[in-house]
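Thanks for coming. I'll take a few minutes on one structure, so please have it open while I talk.

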Amino acid sequence: MRTYLVTGGAGFIGSNYIHYMFKKYDNDIRIINVDALTYAGNLENLKGVEGRDNYTFVKADICDKEAIAKIFAENDIDRVVHFAAESHVDRSIRNPEVFVQTNVLGTAVMLNCAKAAWELEDGTFKEGKKFLHVSTDEVYGSLPDDENAFFYETTPYDPHSPYSASKASSDMLVKAYMDTYKFPANITNCSNNYGPYQFPEKLIPLIINNALQGKKLPVYGDGKNVRDWLFVEDHAKAIDMVQEKGRLFETYNVGGHNEKQNIEIIHIILDTLQEMLPEGDPRKAHVTEQLITYVEDRKGHDRRYAIAPDKIKAEIGWEPETMFKEGIRKTIQWFFENEDWMKNVTSGDYQKYYNDMYKN
Ligand code: NAD
Ligand code: DAU
């Protein structure tokens, strides 16, 4: 049975990936999820998985060499899927250091421990071992407002925020391990994800939550920044397909071919909420565009991201499957059915973060 070590599996994409993998492989795989449970990690995301004989959770920091080495020593890990990171751009602008710590140092620890566990005496690696580093399209910087401009795997790195700089650094470390040691790895650079379990500091869950509560919907700058939105389950599938079918040492860009301005996203969410809220629901009265509030722009705000997922399509046969209209309905339906999840994650520290972040 193949054993996966997933880092950051209690976060948004990691937990969706774990659900996807058990749905697909059931008892044919084993997953060890290592997560430090920062503000973004939530074991509630993994209800339904806990209790399986082939799932183990380990609470540990990826920067903790001994803890990570112990996991490799006690388990014959076949695959690493490395999600754990500080992931929010706004937080990186306020507090960059933890991004360097987790995203750069943590990735170095993961690489080193995997290398130590997998390397043979002659410097080659045990058969079948693979490391997948989950990264972002933000490493490529910002595109002009030109619908023919896309990020390709060959686009030079040009990160702007402390978050994207830390992710670019971690990508470079993975590349260095591949080039120097022929370490068996892949990198995936993905566009903006949305879907169940996303923490409401990110645009889509924040807008859904605020709109339902009749709170202001904060739009940075002119609202015309463009992001390329991908339903999270499609991302989970892409990661699995890259590990199964991709060529080792390659980078694959993963994107939805679904570019939208932030203000368009907000209008779509408002319209969809109106359609989906039942007649007589009192929230129908306040879910309106009156809530839209333009606020100060994000510092260094990248204008446009757009991935050309040509390589992953041609080589691996992956394509985004979920149209935005369908994905946003599934996401809103999930939030309707999981009001307690939202209440739990927005109690406590979230309020402090929110009040501080949006005080202007
Ligand atoms: P998230 O913030 O929701 O989850 C991150 C997880 O990592 C949390 O469970 C957290 O507890 C854990 N973690 C943080 N620091 C840790 C540490 N030091 N040790 C162990 N665990 C730690 O993030 P996400 O949105 O799920 O993103 C996952 C990965 O995908 C990240 O590497 C991110 O850069 C990348 N990515 C995200 C998106 C997106 O749209 N969300 C798009 C492309 C790439
Ligand atoms: O592109 C991939 C990246 O997408 C990932 O690597 C990051 O981990 C992920 O957080 C995401 O980064 P963004 O900065 O693009 O996502 P965010 O949801 O924070 O913002 C999306 C857009 O919406 C961006 O242009 C900023 C804007 N925005 C965001 C918030 C939170 C607003 O206008 N108002 C807001 O309140």
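I'll go from the whole chain to the ligand, and then to two residues.

First, a caution: this is a predicted model. Please keep that in mind for every distance I quote.

Start with the overall fold. The protein chain has 12 helices and 13 strands. Along the principal axes, its C-alpha atoms fill a box of roughly 70 × 45 × 40 Å. A compact globule with 360 residues would have a radius of gyration near 21 Å, and the protein chain comes in at 20 Å, so the two agree. Of the 360 residues, 56% count as buried. Among contacts with a separation of 6 or more, 83% are between residues 24 or more positions apart. The accessible surface of the protein chain is about 15,600 Å², and carbon and sulfur atoms hold 49% of that.

Now the ligand. Which residues come nearest to ligand 1? There are 28 residues around ligand 1, and the nearest are Ile13, Asp35, Ser87, Tyr163 and Lys167. By type, the shell divides into 14 nonpolar, 11 polar and 3 charged residues. Helix 1, residues 12-25, strand 5, residues 130-136, and helix 5, residues 162-181, each supply at least two residues of that shell. Strand 5 gives the most, with 3 residues.

Three polar distances are worth noting on the ligand side. A side-chain N or O atom of Asp35 is 2.6 Å from an oxygen atom of ligand 1. For Ser87, a polar side-chain atom lies 2.7 Å from an oxygen atom of ligand 1. Asn193 uses its backbone instead: an N or O atom there lies 2.9 Å from a ligand 1 oxygen. How much of ligand 1 does the protein bury? Taken alone, ligand 1 exposes 830 Å², and the protein buries 96% of that.

Next, the two residues, beginning with Thr136, which lies in strand 5. Is Thr136 buried or exposed? Its relative accessible area is 7%, and buried means under 20%, so Thr136 is buried. Leaving out residues up to four places away in sequence, Thr136 touches Tyr163, Lys167, Thr188, Asn189 and Cys190. Two of those names, Tyr163 and Lys167, you heard a moment ago in the list of residues nearest to ligand 1. The Thr136 side chain also makes a polar contact with the side chain of Asp137, at 3.5 Å. A polar atom of the Thr136 side chain lies 3.0 Å from the backbone nitrogen of Glu138.

That brings us to Glu138, in the loop between strand 5 and helix 5. With a relative accessible area of 9%, Glu138 falls under the same 20% cut-off, so this residue is buried too. What does the side chain of Glu138 make a polar contact with? The partner is the side chain of Tyr305, at 3.4 Å. Setting aside neighbours within four places in sequence, Glu138 is in contact with Val89, Pro159, Ser161, Tyr163, Ser164 and Tyr305. Tyr163 therefore appears in the contact lists of both Glu138 and Thr136. Glu138 and Ser191 are 53 residues apart in sequence, yet their C-alpha atoms are 7.8 Å apart in space.

To recap the ligand site: the protein buries 96% of the area that ligand 1 exposes alone, and strand 5 gives the most residues to its shell. That's what I have.

Technical notes: Residues are numbered from 1 along each chain as its sequence is written. Chains are lettered from A and ligands numbered from 1 in the order in which they are written. This is a predicted model: local features need pLDDT of at least 70, side-chain atom pairs count only at pLDDT 80 or more; totals for chains, interfaces and linings use all residues. Side-chain values use heavy atoms; hydrogens and water are left out. A residue is near a molecule or strand if one of its heavy atoms lies within 4 Å of it. A polar contact is a pair of N or O atoms within 3.5 Å; within protein, one must be able to donate a hydrogen and the other to accept it, and residues adjacent in sequence count only if both atoms are side-chain atoms. Accessible areas come from the Shrake-Rupley method with a 1.4 Å probe; for residues, only the protein chains shown count as cover. Helices (H or I, at least four residues) and strands (E, at least two) are DSSP runs, numbered from the N terminus. Ala, Val, Leu, Ile, Met, Phe, Trp, Tyr, Cys and Pro count as nonpolar, Asp, Glu, Lys and Arg as charged, and the others, Gly among them, as polar. Buried means under 20% relative accessible area, exposed over 50%, partly exposed in between (1.4 Å probe, protein chains only). Contact means heavy atoms within 4.5 Å. The radius of gyration is taken over C-alpha atoms; the globule rule is 2.2 Å times the number of residues to the power 0.38.
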